[in-house]
Amino acid sequence: MNTHRLKIPLLLACSSILFIAARLNREDKPKGLKDYYKKYFAIGVAVRPSDLKNNQESSLILNEFNSITPENAMKMGPIHPSESRYFWRDADEIVDFGVKNKIKVRGHTLCWHAQTPSWIFTDSSGNQVKKDVLLRRLKSHIQTVVSRYKGKIYAWDVVNEAIADDTTFLRKSKWFEITGEDFIEKAFEYAHEADPKAVLFYNDYNTEIASKRDKIYRLLKKLRDKGVPVHGVGLQAHWSINSPSREELEKSIEMFSSLGLQVQFTELDISVYSGRQGGQLIQGQRRQMETPVFTAEMEQKQLEKYKMVFEVFRKYRKNVTGVTFWNLSDKYSWLDGRGRKNYPLLFDTNLKPKRAYWEVVKF
Ligand code: XIL
């Protein structure tokens, strides 16, 4: 029997099956943000364990994103409520979801002034601990958490928001009060020891405001010059419809990249209210003045800002290695907790893509 004769129809049949299967697959799963940006950078989202258990939310996450960050579950307060007790459940669920679905996991965060339990700064009689005790506790915390997820978490926000918003250099946190500047480099060293392959980030907000950016640059340059294992800078990107400008944003990426650091936008949202830091209310401003609806004007301004920032991210694709949204959809945003509803994300309150979404994927 002539086998060549059989081979050709067989090959044709196989390739048609593959073609149909590929089409079906395409139709079953519409392209998501992660697919549009496949050749650029990872696209992530901050999650709560409940997002992963709800079918609608979890399928949106799986379709659109290829990276997740625990919104709160790995912060020191929630994960390490007392010296002898860790609470792993929520963090474990998030990491398991990532591993099971082959989604990257970013760890957030190992050392911060907020959501930090008071036990870490005090001894059994209630007095403030000395530097050596605090650093020993920090080491034990970081090594326990990082080792548990070694090989499963690819990047960590090691130190969060250590730079001051006023004219001084470092934030006057308990960490600073007790250890001076040392907690910063120590935190990076402990994390690196626990998982030498993890990519380690310094993370902060208002990184496009020149005065704060200069201080962050100064800190990172110092750490790099000393050989501290810091590999990237996380720019939180809690922005609003009127900031940052293209120039401010480009300048930040260029400055931080010039230090040999990779850049990630770690907490992106664009508040529909004016003002920095996600448009948080200036103290004393009257809340009734704010309208609780997503107006056509907000929609337009927001989509222009989203379009611009993603143009910049793509332009700097060599330096930008990830963009993570802070929450999934306008149904729930951490910015809502400030007495008014916000609409800062790419999916609306029904989890449908907003007009801004289509601007972000049009290129
Ligand atoms: C926020 C969470 O989204 C809230 O749920 C929580 O109540 C407070 O913290 N910068 C950070 C994040 O680094 O950890 C913060 O997350 C938002 C600002």
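Student: What makes the length of helix α11 in this predicted model close to the expected one?

Tutor: Helix α11 covers residues 246-257, which is 12 residues. The distance from its first C-alpha to its last is 17 Å, and 16 Å is expected at 1.5 Å a residue. The two values are close, as they are for α12, where 20 residues reach 29 Å against an expected 28 Å.

Student: Which residues of α11 are buried, and what covers them?

Tutor: L249, E250, S252, I253, M255, F256 and S257 of α11 are buried. Their cover includes the helices α10 (210-225) and α12 (296-315), together with the strands β6 (232-235), β7 (238-240), β8 (262-271) and β9 (320-325). Conversely, the buried residues of α12 pack against α11, and also against β1 (42-47), β7, β8, β9 and α13 (355-360). Among the buried residues of α12 are M298, Y306, F310 and R314.

Student: How do you know that both faces of β6 are covered?

Tutor: In a regular strand the side chains alternate between the two faces of the sheet. In β6, G232 and G234 lie on one side and V233 and L235 on the other, and all of them are buried.

Student: What makes β5 and β6 a pair of strands, and in which sense do they run?

Tutor: At least two bridges are required for a pair. Strand β5 (residues 199-204) and β6 have 4 bridges and are parallel, so they qualify. Within this pair, D204 stands opposite L235. β6 is also joined to β8 by 4 bridges, again in the parallel sense, and there G232 stands opposite Q262. With α10, the strands β5 and β6 make a right-handed β-α-β unit.

Student: Why is the contact between D204 and K212 called a salt bridge?

Tutor: Side chains of opposite charge can pair when their charged atoms come close. The cut-off is 4 Å between nitrogen and oxygen, and the side chains of D204 and K212 meet at 3.3 Å, so the contact is a salt bridge. Both D204 and K212 are buried. These two residues are linked with D165 and R171 in a network of salt bridges. The whole structure holds 26 salt bridges.

Student: Why are R48 and D51, which meet in a salt bridge, placed in separate classes of exposure?

Tutor: Their side chains meet at 3.1 Å, N to O. Buried means under 20% relative accessible area and exposed means over 50%. R48 has 27% and is therefore partly exposed, whereas D51 has 6% and is therefore buried.

Student: Why is K34 called buried, while P78 is called partly exposed?

Tutor: K34, in helix α2 (residues 33-36), has a relative accessible area of 18%, which is under 20%, so K34 is buried. P78, in helix α5 (residues 76-79), has 32%, which lies between 20% and 50%, so P78 is partly exposed.

Student: What does K34 touch, and which polar atom lies by its side chain?

Tutor: Not counting residues up to four places away in sequence, K34 touches I43, L62, N63, E64, F65 and N66. The backbone oxygen of N63 lies 3.0 Å from a polar atom of the K34 side chain. N63 is itself one of the buried residues of helix α4 (residues 55-64), and the buried residues of α4 pack against elements including α2 and β1. At the start of α4, a side-chain oxygen of N54 comes within 2.8 Å of the backbone nitrogen of Q56.

Student: What makes the backbone at T109, P244, N327 and L351 worth noting?

Tutor: Most residues other than glycine have a negative phi, and most peptide bonds are trans. The bond from H108 to T109 is cis, with omega near -5°, and T109 is in strand β3 (residues 104-111). A cis bond also joins S243 and P244, with omega about 5°; P244 lies in the loop between β7 and α11. N327 has a positive phi near 100°, and L351 has one of about 70°. N327 lies in the loop between β9 and α13, as does L351. With a relative accessibility of 2% for N327 and 9% for L351, both values are under 20%, so both residues are buried.

Notes: Residues are numbered from 1 along each chain as its sequence is written. This is a predicted model: local features need pLDDT of at least 70, side-chain atom pairs count only at pLDDT 80 or more; totals for chains, interfaces and linings use all residues. Side-chain values use heavy atoms; hydrogens and water are left out. Helices (H or I, at least four residues) and strands (E, at least two) are DSSP runs, numbered from the N terminus. The expected span of a helix is 1.5 Å times one less than its number of residues. Buried means under 20% relative accessible area, exposed over 50%, partly exposed in between (1.4 Å probe, protein chains only). Contact means heavy atoms within 4.5 Å. A crossover is right-handed if, with the strands pointing away from the viewer, the path from the first strand over the helix to the second runs clockwise. A polar contact is a pair of N or O atoms within 3.5 Å; within protein, one must be able to donate a hydrogen and the other to accept it, and residues adjacent in sequence count only if both atoms are side-chain atoms.
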